[in-house]
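Dear colleague,

Please find below the structure that I am handing over to you. My findings follow directly after it.

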Amino acid sequence: MAFEIVATGRAVPARRITNDELAKTLDTSDEWIRSHTGIGNRHVADEQTATSDLAVAAAQEALKMLLDKDKSLNGSLEAAAVSLDAVIVATASPDFFGFPSTACLVQDRLGAHKAAAMDLVAGCTGFIYGVETAAGILSVRSDRKRVLVIGAEILSKITNWQDRSTCVLFGDGAGAVIIDKTDAPASGPGKRGLLRSILGADGSGGDYLIMRRGGTRNPYKAGETLEAGPVIEMNGRAVYNFAVKAVTDTMERLLQEEGISVDDIARIVPHQANARIVQAAAKRLGIPEEKFFLNIEEYANTSAASVPIALDELNRTGGLKKGDLIMTLGFGAGLTYGGNLIVW
């Protein structure tokens with residue numbers, strides 16, 4: 001059996017903020033942001049929009065695509081939602097602290113009444129972890145067939161917009177994929193779907209990218225007056241160094257374990273954190289930059305949403321063909337890292 005991506009979807013807020021707009025209130029410029037990050041724009045949610053709203057919108061786009069693939073659903077979005085066995089939402093910016101999970105809110109709004117639901121917290125690597133988790137859920141019982149995996153973030157609400165070293169980096173969005181268990185082979189001639197994953201972590205770097213306030217380590221206190229809510233704090237140099245090594249090591253391991261070369265890969269879809277990270281990794285491994293798909297110029301860093309947003313963009317623009325071997329890569333808070341090898 002194989003675990004195949006059969007549908008994709010994405011959703012981003014309508015509001016689009018350019019670098020020039022940020023430069024009106026920050027000591028920065030479009031040239032500086034582009035040269036240091038590759039970012040030109042970011043999409044930012046309004047006050048009424050929560051992470052689950054974007055997750056639902058992306059999921060609905062994926063379910064609509066599924067209707068074209070699965071004729072047994074008779075064109076019914078309701079039937080498509082009911083066909084889901086699980087809903088996984090990878091997010092670092094949930095609707096609520098702790099519970100209920102954002103995935104449960106999404107499951108209810110979609111009408112996926114037969115599906116299990118859970119959030120997955122692995123920072124910007126969340127979607128990579130989610131794909132492997134979906135495969136595990138599908139593999140242990142014969143009656144499970146279909147899992148919805150979503151990466152969704154509204155980072156703008158946990159960003160310090162006075163900190164120019166971080167606020168220029170992040171954007172909001174959601175991406176979704178539907179993974180089916182099929183009768184296709186997962187190895188040998190005609191192999192399909194998820195071939196292998198690498199998942200890793202280095203918790204010693206947890207302080208490099210962190211939200212300090214509000215948890216049980218540093219809870220709010222009765223009567224305390226806060227000037228601002230909890231926000232992302234980042235040691236940019238430490239995260240950059242970790243990311244370049246994580247990307248190169250993960251790529252090398254995936255290629256070695258699968259017994260292939262980079263020439264066999266049609267596309268590499270990395271987490272869209274910083275174009276300079278991808279450029280450094282490509283140079284270190286001698287890989288043409290054109291092999292990597294980057295859309296960070298438009299969306300900035302959307303954390304767990306970045307890889308599925310990129311996959312949907314590629315899928316809908318004809319950038320992926322059936323049978324293409326692709327590699328996804330993630331790295332982020334935790335610190336976490338990972339990658340998937342997938343036959344499209």
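How many helices and strands are there in the protein chain? The chain, which is a predicted model, holds 11 helices and 13 strands.

**Overall form.** For 344 residues, a compact globule would be expected to show a radius of gyration near 20 Å, and the 19 Å of the protein chain agrees with this. Along the principal axes, the C-alpha atoms fill a box of roughly 55 × 50 × 35 Å. Of the 344 residues, 53% count as buried. Among contacts with a separation of 6 or more, 75% are made by residues 24 or more positions apart.

**Surface and charge.** The area exposed by the protein chain is about 15,100 Å², and carbon and sulfur atoms supply 50% of it. There are 36 positive and 42 negative side chains, with the centres of the two sets 3 Å apart.

**Nonpolar core.** The largest nonpolar core has 32 residues, of which Val-87, Leu-148 and Ile-150 touch the most other members. Two or more residues each are given to this core by β1 (2–11), α3 (51–69), α4 (77–82), β4 (86–90), α5 (102–110), β6 (146–154) and β7 (172–182). Helix α3 provides the largest share, 10 residues.

Which residues does Val-87 touch, leaving aside those up to four places away in sequence? They are Ala-103, Val-106, Gln-107, Ala-112, Ala-115, Ala-116, Ala-117, Met-118, Leu-148 and Ile-150. Leu-148 and Ile-150 thus appear again here as partners of Val-87, having been named with Val-87 for touching the most other core members.

Yours sincerely

Methods
Residues are numbered from 1 along each chain as its sequence is written. This is a predicted model: local features need pLDDT of at least 70, side-chain atom pairs count only at pLDDT 80 or more; totals for chains, interfaces and linings use all residues. Side-chain values use heavy atoms; hydrogens and water are left out. Helices (H or I, at least four residues) and strands (E, at least two) are DSSP runs, numbered from the N terminus. The radius of gyration is taken over C-alpha atoms; the globule rule is 2.2 Å times the number of residues to the power 0.38. Buried means under 20% relative accessible area, exposed over 50%, partly exposed in between (1.4 Å probe, protein chains only). Contact means heavy atoms within 4.5 Å. Accessible areas come from the Shrake-Rupley method with a 1.4 Å probe; for residues, only the protein chains shown count as cover. Lys and Arg count as positive and Asp and Glu as negative; His and the chain ends are not counted. The place of a charge is taken as NZ of Lys, CZ of Arg, CG of Asp or CD of Glu. A nonpolar core is a set of buried Ala, Val, Leu, Ile, Met, Phe, Trp, Tyr and Cys residues joined through side-chain atoms within 4.5 Å.
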